[in-house]
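The following exercises concern secondary-structure packing and are intended to be worked with the coordinates open. Each task is followed by a stepwise solution.

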Amino acid sequence: MITTTLPPMRPELAVCPNSACGANRRIGIHSLKERRYKCHACGKTFAETTGTALFGLKHALWLVVVVLALLATGCPVPAIVFAFGLDERTVADWQRKAGRHAKTVQEQLVCQGQVDVGQVQADELYTKTQAGPIWVATAMSVFSRLWLWGAISFSRDEALITPVIEHTRAAARPDRPILIAVDGFRAYVGCILKVFRDPLRTGKRGRPRLVVWPDLHIVQVVKHRVGRRLVSITRRLAQGSLERAEALMQATQVELGRINTAYIERLNATLRTWMPALVRRTRTPSGDREQLEAALFWTGCVYNFCHVHATLAGTPAMAADLTDHVWSIEELIRYRCRRE
């Protein structure tokens, strides 16, 4: 539901954004007109929207919410400009701010080592932009359909997938088994084995040896094609136990069968639908890498917290026990991120 008026200020819910303070009790209203709070612990004032995607915006809240909702679900920027009489640069700026905010939300809520990821699938997709060809790498948890992270690069190499694997590890509970299913890209296995390591402390002097997580299993799904026709699929175990990998697959997939990368491919298809710049043939290519990254994180975060998945009876964030309700677009952009 979209509101056209701002809700009452609630200092009891406010948290001081000052990293040296962080008080959440001694907060009062400093100005109703300017909608500013005052922290009586450190004496500093701060805007109600500090730390949110709304900070510094001058337009009506309802308009910002509507535009960001349309951007998250595939409406091209030229259509928004035509419908609401906005400047294209204004819409692009809102998307960049929302994308940066969503990236921080993703880091502070998803990538905190609290998700039982079970089976992870990772994949890349290719698109052409005004800045040239670009690769987009993504990863998701199959059981909850939770989008874990995404990265963008001008080349398909280890630098593209490393941040995705690093944030997958940051999200995963280290005490739970993990199956990672990827395609035949050679850089995946080495990157995963390098990231999913912990120091083995023996009490001896010197730097401890790094060892791979004991219950980590990696399977590569390689598709062989002749032209565009799929000829065969080869599955090879790159790390761990095949029996354990099969058990994790059966425990995390609704549709049983063989280990696959179908779930991340479906998510990438959803991203192509919701992000016009990722469509293979489009009249609205992304202008640059930064804008495409903002669109990716805003769309991915809305998918996690606001989009009700048909097979989950809730959002992916609810299925991953990160929240207990479906978030609205307004709640997402009003979420106050911690200042690091």
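**Exercise 1. Hairpins and the sheet they build**

Determine how many residues lie between β2 and β3 in their hairpin, and which residue in the turn has a positive phi.

Solution. In this predicted model, the hairpin of β2 and β3 has 5 residues between the two strands, and Gly43 in the turn has a positive phi of about 85°. The pairing itself is antiparallel, with 3 bridges joining β2 to β3 (residues 45–47). Within this pairing, Tyr37 stands opposite Phe46 in β3.

Next, turn to the preceding strand. β1 (residues 27–31) and β2 also run antiparallel, joined by 4 bridges, and Ser31 is found opposite Arg36 in β2. These two strands form a hairpin with 4 residues between them, where Arg35 in the turn has a positive phi of about 55°.

Finally, assemble the strands. The result is an open sheet of 3 strands in the order β1-β2-β3, with antiparallel pairing. β1 and β3 each have a single partner strand and stand at the edges, so one side of each has no neighbour in the sheet. On average, neighbouring strands of this sheet are turned by 35° against each other, direction ignored.

**Exercise 2. The two faces of β2**

Identify which side chains of β2 (residues 36–39) are buried.

Solution. The side chains alternate along the strand. Tyr37 and Cys39 point to one face and are buried. Arg36 and Lys38 point to the other face and are not buried.

**Exercise 3. The mixed sheet**

State the strand order of the sheet of 6 strands and find which strands stand at its edges.

Solution. The order is β6-β5-β4-β7-β10-β11, in an open sheet with mixed pairing. The edge strands are β6 (146–153) and β11 (229–239); each has a single partner strand, so one side of each is left without a neighbour in the sheet. From one strand to the next, the twist averages 20°.

As an example of the pairing, consider β7 (residues 178–182) and β10 (residues 216–226), which pair in the parallel sense over 5 bridges. Here Ile178 stands opposite Leu216 in β10.

Then add the helix on this sheet: α8 (residues 289–305) lies across β4 (119–129), β5 (132–141) and β6, and runs at about 175° to β6.

**Exercise 4. Two helix pairs**

Classify the crossing of α1 with α3 and that of α4 with α5, and describe the residues in each contact.

Solution. Begin with α1 (residues 61–72) and α3 (residues 88–110), whose axes come within 10 Å and cross at roughly 75°. The two helices are therefore roughly perpendicular to each other. From α1 the contact takes Leu63, Val64, Val67, Leu68 and Leu71, and from α3 it takes Val91, Trp94, Gln95 and Ala98. By class these are 8 nonpolar residues, 1 polar and no charged.

Continue with α4 (residues 158–171) and α5 (residues 187–195). Their axes come within 9 Å and cross at roughly 40°. This angle makes α4 oblique to α5, and the crossing is right-handed. On the α4 side, Glu158, Ile161, Thr162, Ile165, Glu166 and Arg169 take part; they meet Ala187, Tyr188, Cys191, Ile192, Lys194 and Val195 of α5. This contact comprises 7 nonpolar, 1 polar and 4 charged residues.

Definitions and conventions. Residues numbered from 1 in each chain as written. Predicted model: local features only at pLDDT ≥ 70, side-chain atom pairs only at ≥ 80, totals over all residues. Heavy atoms only, no water. Axes fitted to C-alpha atoms, helices over the stretch in contact; angles between N-to-C directions. Parallel < 35°, antiparallel > 145°, perpendicular 65-115°, else oblique. Left-handed = near helix turned anticlockwise from the far one by under 90°. Contact = heavy atoms within 4.5 Å. Nonpolar A, V, L, I, M, F, W, Y, C, P; charged D, E, K, R; others polar. Buried < 20%, exposed > 50% of the residue type's maximum accessible area, 1.4 Å probe, protein only. Pairing = 2+ DSSP bridges.
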